[in-house]
Structures are given as structure tokens and as C-alpha cells.
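Dear colleague,

I am handing over the structure below, and my notes on what was found in it follow. Please keep it open beside you while you read.

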Amino acid sequence: MMMILDCVVDKHNIWLVVVAAIVCAAGSWAIICLFERASRTTGMQRAGWHFLTAVAAGAAIWCTHFIAMLAYQPGAPVSFDPLMTIISLLVAIVGAGSGFLLAASGTRRHAPALGGAMVGMAIAVMHYTGMMAYRVQGIITWDKAYLLASIVLSVGLSAAAVHVALRRSMRLSRSVSAAVLFLAIVSLHFTGMTAFRVTPLLVDNSFSNPAAMQALALAVAIVALVIVGAGLASYMIDDSARTESLDQLRHMALNDSLTGLPNRASFADRLDHEIDIAKETNGKVALIGIDLDRFKEVNDLRGHGVGDMLLRSLGKRLMELSREGEFVARTGGDEFTAIQRYVDQAQLEDFLARLKAALFEPVKVLDLEITPGASLGVALYPDNAATQESLINNADLAMYRAKADLAHHVCYYDQSMDDVVRARRCLVNDLRAAIDNNQLAVHYQVQTSVSTNQIRGFEALLRWNHPEHGFIPPSQFIPLAEENGLIVQLGEWVLRQACTDAASWTPPYKVAVNLSPAQFAHADLHKLIIEVLMSTGLAANRLELELTESTIFQDKERSFSVLRQIKALGVNIALDDFGTGYSSLEMLRSFPFDKIKLDRSFINEAEDSLQAKSIIRAVLTLGKSLEIPILAEGIETEGQLSLLGEEGCDEAQGFLLGRPIPIGMLVESGRISLNAEAASGQGPRVKTSIRSEPGDGEVPVTLSA
């Protein structure tokens, strides 16, 4: 050991040794960084990082050796063989690159150690190849013990360095690995130089220029640092890009892309965190479910672009109002959720007031001013729930109660809400059972001529007589069917049953059947109507389908296309609840409806309200000008019927004229009788006529089954 130190101190220019050490230290760090990155990538990226590792390793090892060789002072003139010098550089690059490639391959359990040993051997081969390029005027001898020791140190320390570099579980593994690799390079060189002995043989006019040697050493050092620096720069740029990408991915994973607010995943984590804090501190947490009141209307009337701008504006407001201990996230299309860690009720009320102010203040979107409004449901931890799931569920229940109560925009959860939900769920299950067990019935309400009082037809109305709860009004179970996906099945059953019943009537009155929005959106509605008409034997012109303005307005282009297909069959189309929806004259101009049904709300006020009477008169005048019959719904008094007669209304329907009754009572009342086939139990004729829309060159089309 002392001989090695003596060699370093006595036979080397100490300043150039320091330069060589700096190059070796910087290079070792760069080599390990690049090697780690190469070992963690795949494909072409892996090949690229391995190439950079090999170049940085070759440059650092070779330049350290060359500078230290220039620092060596043998006491005799020296020179270098260019070819052998270049070969030593190539040995360093290829040998070290191959070793690192083997170490990262993972083909064997001891691959890191074997690869590291190969790197160490490459260092030794490079050194002694470089020594072969070293030309000195003297007799050269070698101490074989030190020569062998240098190779063992290089191989052993390099194997250890690479092994440590791949043990990512170890703390400071990169620093330790770089330090061990540094020792491998310098120990090889200076132990090898200790083994190198020179007996000078001076020749006249032969000398070395120390200044030139030092300049060359510094130049080599600069080139080495540039190469190593380029490798480190690549690593740092890639590392920075990875960090930025991870930050972006993390932001995308935890934040809503439209509003910038935290998303559902971020909300769940935050709620868990707040509940944990509340448990530890005996604190309280308020969870507030927020649902915008008229967002669907904005989307339908103004387009999704305006809807997105509205959401962005509201998101910015909600983000700005949040204080310490408060959190707002967007958890759905037009749904937001807020969390507050609070101490007293006043603090919670202040937060709710700020939320309401942000949600109810008008928003300027393009040239529009929109006042969104919202329903807020509040559930408290631990007062209303003990777990995250139940707290969220209770906040949702409170929010839906707030939506149902137009007078209150904020609703706090209470236990009775659970009872209501359980009752609704039971009712849904009972409704499914009623469909399966044929517990539903179709009742018929008469439609008559106002002027002659003659029967024009009947409207089919669904009724449910619950085996335990008795009569369940349609206003209660129809919304449940819509919410739970049963409305299409119900609607098809009513259509089929009404057509079956009507096919047996004498006289052959029309039957009117309502279409729900979900039914109308069904892709095979046209085919379903054909199948029902053919299987029941009902003539197409005896079926009248009623649908509301809002149903058509959801997608007018598609709606009119579907209606034309249905009307081409010969089926009548009636516009229901006219005056309460969008009431567009463009709608009446775009499609030839067979009937307009005036909503009952105008009839109820007709005797007392001049405005309602004026609207009725205007609608009747409109119907006459367009040659579309008008049917008034909800007739309950003689005064209403008399008023409609005076104004020239075509048809009427209501309790005054007849309540909805089952087909058996309809027969008993004498308003209809059943044809012979129905009375004998043979069922309706399975034959019907379905015509195309009248037009030049068209002929009726008859389909039989």
C-alpha cells in the first residue's frame, strides 16, 4: 500500500492526478446513472441508454488512464503509439458496454456480478493496452504481484459496483456504486503503475516537453468532462421529462380535465383522509352533494359547447372559494361534491352560503347570461354515518330531496329519507313482479266529439292494483319504471294489450296509446309497431300514438324521421300536452300531426282565467288553420265543456265524460261490444292492412301473417 502511495506522490504530477480523479469521479457517477436508466427501460430506449452508458464509461475510464499516464514522470523521454492508444479507447468502450449489457440482461441470477467483472476486466485490458502504447526511453520491468493485484482489484470492485447499482432497495445505492466504481478505476491504474518499473536510457537530443504533456492532459480532461456531461445532461433531461410526465399523469388521474377541479378518485381519497382526522380529533366532517338544476336544459337548448363553458366557469368559482379544511370536486357530468372539516354550525352555514352564491350567480357565456342554480344535500360525519360509503349515500339522498323540494335549495339528511328509499326500492321490486305475474291492467277513457257527443275513441291508460297496498297511481310508479329501466317493457306491454283489446271492439273505435321518451328512443320502434299490429290484427288506422313535445324536441331530426316511418304505416300521430313543453310552431309546420291534445292545465283555469281562455281560443284557431283536430283533456265540469263547444273544439276527454275503466266495464256500459271471434275466445284476426303514406304513384301495402 505504501509503495502505491509513494508511486502516486513521488512519480506523478499531483495536479494532473487531481484532474484525473475529478474526471474519474464525474464519470463514475454518470456511468451508474446511465446504467440504472438503461436497466429500467425496454426496447429501443434500452439500446439507446446502453449506448450512452458504454460511451460515457469508455470515455471516463480511458481519459482517467490517459491523464494519469501524462501525469507519470518516469525520468526519461516518453511518447505514445497512436494506433495502440486508439485501440485502448475502443477496448474501454466495447468491453465496458458489453459488461453493463450482460449485467442488466437478467438472464442469470449472478448476471450483475458477472457483468461487473467483465467491466473490471475491460478496465484492466484497456490499461495494459494503453501501457503497450506508452513509449519510454528505458528498460521496462514489471512486478507481477502488483500487476495481478491491480487486475483482481479492478474485477472485484467493478463487480461489486454493478451489483450494488442494481439493488434498488438499498438506500444510497447509486452513491455507493459510483464510489466503488471510482475505486475500481483508480486502484487498477495506480496499482498497475506501481508494478511498472523504468530504468532510463538517455539518448542525445531526446527529451519530453512537460508543458505540452500538461496541456494535452487538460485537453483530454475537458473532452472527457464534455462527454460525461453530455451523458448526464441526457439523463437529467429524461429524468425531468419523466417527472413532468408523471406530474401530468398524476394531475390527469386526480383532476377533472374540463374544470380543473379534483375528480372522483381524488374526492374519495380526501374524504377518507378527513374521516381519519375526524376520528383522531373527535371532529366533524360535512359532505355536500351538489347537482346543477338546469344543466340538461342548457345542453339541449344551447349545445354542449355552452354547457362545457358553463361548467368551466362554475369550476373556477368553486376552486376560488375553497379555504383551508374545505374541498370541492367534480364527480359527474353536472354533479359536484364538497367536503368541509368544521367546528360549529356557523362555519358550515358560511360554507354553504358561499357555495350557493357561486352556483346561483349568473354566468356570462358568449352573449348569454345563464343562472344555473343547484340542489345541495348535506350529510354529517359522525352524526349521520359512520363510514365513507354511507356518508356519500346519505348526502345523495339529501340532494335528491332538495331537487324534489323546489322551495329549498339545501337539504340536510335525516333518517326518514332512508325509509323513503327503502319503500321505493320495495315498490320497484313489486313492479317487476307485477309485470311478470300479470298484475297490471289497461283501463280505457272515452274520447268524444264536443259538438255531437259521439264516441271517437278511447285512450289506453296503465293501472296497477297492488295486492297489499291497493291502487298505486301512475304518477308514482311510472317515474320508478323510467328510473329503473322498466318503462320500455311496460310500454310494449300496454301497446300490445291495447291493440289486442281494440281489435275485438265493435264498433271499431280508435285506441290511443302514449309513448314514453325511452320507448320513442328505441331503435326498433317502427318494427315493433308493425309486429304488434300484425299479431293482434288491429288495423293501422285504428291506432293513435301520443307523444309529448319534449320527447320530440330531444332530437328533432331523428324524431321526425321515426314519426314519418310510423305514419307511413297508416298509424295516427297525436301531439300530447300541447302548450306545456317547447310549443314550437316550427314543430307543427315540420310534421303533419293527426291530432293536437290541449293540456288539462289550461282547461282547469278556463272558467276563471281570461288568459287561459285566450290561449285555448288561440290553439283552437291554430288547429283550424292547420286543419288539425284539437282534443281538450281534463274536462270535469259542464262549464268547461260548454266553453269548448262555443270555441269550436273538436274532441274532449275527462272525468265528466267518463273515467278510465277496464274493458269488462266498458262492455257493461254498452259503449262497445266484443266481436264474435273475441266473444267465442278465438281471439282477433291475425291480419292487418298497413299502408304507405299517400302520394302520387303509391299503392296500399298489405301484410299478412
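In this predicted model, one open sheet is built from 5 strands in the order 6-7-5-10-11, and the pairing in this sheet is mixed. Strand 6 (326-330) and strand 11 (410-412) stand at the edges with a single partner strand each, so one side of each has no neighbour in the sheet. On average, and with direction ignored, neighbouring strands of this sheet are turned by 20° against each other. Strand 10 (residues 374-381) pairs with strand 11 in the parallel sense over 3 bridges, and Gly377 stands opposite Cys411 in strand 11. Helix 11 (residues 304-321) packs on the sheet, where it touches strand 5 (284-292), strand 6 and strand 7 (335-342), and its direction makes about 165° with that of strand 6.

Next come the cysteines. A disulfide is a covalent bond between the sulfur atoms of two cysteines, and a search of the whole structure finds 0 disulfides. Cys499 counts as buried because its relative accessibility is 0%, whereas Cys426 counts as partly exposed because its value is 47%.

Finally, there is the largest pocket, which has a volume of about 910 Å³. Its lining consists of 34 residues, of which Glu459, Leu461, Ile478, Asn514 and Asp576 lie nearest the centre of the pocket. Several elements each supply at least two residues of this lining, among them helix 15 (474-483), helix 16 (487-502) and strand 18 (572-578), while strand 13 gives the most, with 5 residues.

Best wishes

Methods
Residues are numbered from 1 along each chain as its sequence is written. This is a predicted model: local features need pLDDT of at least 70, side-chain atom pairs count only at pLDDT 80 or more; totals for chains, interfaces and linings use all residues. Side-chain values use heavy atoms; hydrogens and water are left out. Two strands pair if DSSP finds at least two bridges between them. Helices (H or I, at least four residues) and strands (E, at least two) are DSSP runs, numbered from the N terminus. Axes are lines fitted to C-alpha atoms, for helices over the stretch in contact, and angles run from 0 to 180 degrees between N-to-C directions. Contact means heavy atoms within 4.5 Å. A disulfide is a pair of cysteine sulfur atoms within 2.5 Å. Buried means under 20% relative accessible area, exposed over 50%, partly exposed in between (1.4 Å probe, protein chains only). On a 1 Å grid over the protein atoms alone, a cavity is a set of points where a 1.4 Å probe fits but cannot get out, and a pocket is an open set with protein on both sides within 12 Å along at least five of seven lines; lining residues have an atom within 4 Å of a point. Grid points are joined across faces, edges and corners, and a volume is the space filled by probe spheres set on the points.
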